[in-house]
Amino acid sequence: MIGKFVIERAKDEQFYFNLKAVNGQVILTSEMYKAKASAQNGIESIQNNSAADDNYERKESKNNKPYFVLKALNKQIIGQSQMYSSTAAMEAGIASVKQNGPGATVEDLTI
């Protein structure tokens, strides 16, 4: 089985999506988009860019928690992870996005 993208609306009516693993855990969250079509384009970009390790930027938050961002070929951020408790957990998150991102289905909760 493979994960899924879930498109939702924020309280301010903007669109965003989460990439969820098979177990339902959120492994990547998008930025906010004014149009649903833009969110759909973001999903397509993740499907096209998530397999390549070079597209991941590993970071550390101000409180020393590791996390990562996924970038498109133009270096624009297309998704961000949660904060992790360890570098190993972050690397497992990246591996999960690599596995789930390319073939994930899309569930639209805004319909």
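# Exercises on a predicted fold

Let's start on the outside of helix 2: Thr87, Ala88 and Gln99 are exposed and sit on the face turned away from the helix's buried side. Keep in mind that the model you're looking at is predicted.

## Exercise 1: The two faces of helix 2

Task: Work out which residues of helix 2 are buried, and why they line one face of the helix.

Solution:

Step 1. Check the length. Helix 2 has 14 residues, which should span 20 Å at 1.5 Å a residue, and its end C-alpha atoms are indeed 20 Å apart.

Step 2. List the buried residues of helix 2: Met90, Gly93, Ile94, Ser96, Val97 and Asn100.

Step 3. Look down the axis. The buried residues of helix 2 fall within an arc of 160°, so they line one face.

Step 4. Recall a general rule. An α-helix has 3.6 residues a turn, so residues three or four places apart point the same way.

Step 5. Ask what lies over that face. The cover on the buried residues of helix 2 includes strand 2, strand 3, strand 4 and strand 5.

## Exercise 2: Now try helix 1

Task: Find the buried residues of helix 1 and the exposed residues on the face turned away from them.

Solution:

Step 1. Start with length again. Helix 1 has 14 residues and reaches 20 Å from its first C-alpha to its last, close to the 20 Å expected.

Step 2. Pick out the buried residues of helix 1, which are Ala39, Gly42, Ile43, Ser45, Ile46 and Asn49. Seen down the axis of helix 1, these buried residues lie within an arc of 160°, so they line one face.

Step 3. Turn to the face pointing away from the buried side of helix 1, where you'll meet the exposed residues Asn41 and Asn48.

Step 4. See what covers the buried residues of helix 1: strand 1, strand 2, strand 3, strand 5, strand 6 and strand 7 are included.

## Exercise 3: Into the core

Task: Which residues have the most contacts inside the largest nonpolar core, and what does Val97 touch?

Solution:

Step 1. Take the core as a whole. The largest nonpolar core has 22 residues, and Phe17, Phe68 and Val97 have the most contacts inside it.

Step 2. See where the core residues come from. Strand 1, strand 2, strand 3, helix 1, strand 5 and helix 2 each supply at least two.

Step 3. Zoom in on Val97. Not counting residues up to four places away in sequence, Val97 touches Leu19, Ile27, Leu28, Ser50, Tyr56, Phe68, Leu70 and Pro102.

## Exercise 4: Strand 5 and its partners

Task: How many residues of strand 5 are buried, and in which sense does strand 5 pair with strand 4 and with strand 6?

Solution:

Step 1. Count the buried residues: 6 of the 6 in strand 5.

Step 2. Sort them by direction. Pro66, Phe68 and Leu70 point one way from strand 5, while Tyr67, Val69 and Lys71 point the other way.

Step 3. Look at strand 4. Strand 4 and strand 5 run antiparallel and are joined by 5 bridges; in one of these pairings, Tyr56 has Leu70 as its bridge partner. The two strands form a hairpin with 5 residues between them, and Asn64 in the turn has a positive phi of about 65°.

Step 4. Look at strand 6. Strand 5 and strand 6 also pair in the antiparallel sense, over 3 bridges. Val69 stands opposite Gln80, and Lys71 stands opposite Ile77.

Step 5. Spot the turn. The hairpin of strand 5 and strand 6 has 5 residues between the strands, with Lys75 in the turn.

## Exercise 5: Positive phi in two loops

Task: Where do Glu13 and Lys75 lie, and are they exposed or only partly exposed?

Solution:

Step 1. Begin with the general picture. Most residues other than glycine have a negative phi.

Step 2. Compare that with the two residues. Glu13 has a positive phi near 75°, and Lys75 has a positive phi of about 75° although it isn't a glycine.

Step 3. Place them. Glu13 is in the loop between strand 1 and strand 2, and Lys75 is in the loop between strand 5 and strand 6.

Step 4. Use the cut-off: exposed means over 50% relative accessible area. Lys75 is at 55%, so it counts as exposed. Glu13 is at 47%, so it is partly exposed.

How values were computed:
Residues numbered from 1 in each chain as written. Predicted model: local features only at pLDDT ≥ 70, side-chain atom pairs only at ≥ 80, totals over all residues. Heavy atoms only, no water. Core = buried A, V, L, I, M, F, W, Y, C linked by side-chain atoms within 4.5 Å. Buried < 20%, exposed > 50% of the residue type's maximum accessible area, 1.4 Å probe, protein only. Helix = DSSP H or I, 4+ residues; strand = E, 2+ residues; numbered from the N terminus. Contact = heavy atoms within 4.5 Å. Expected span 1.5 Å × (residues − 1). Arc of directions from axis to C-beta. Pairing = 2+ DSSP bridges.
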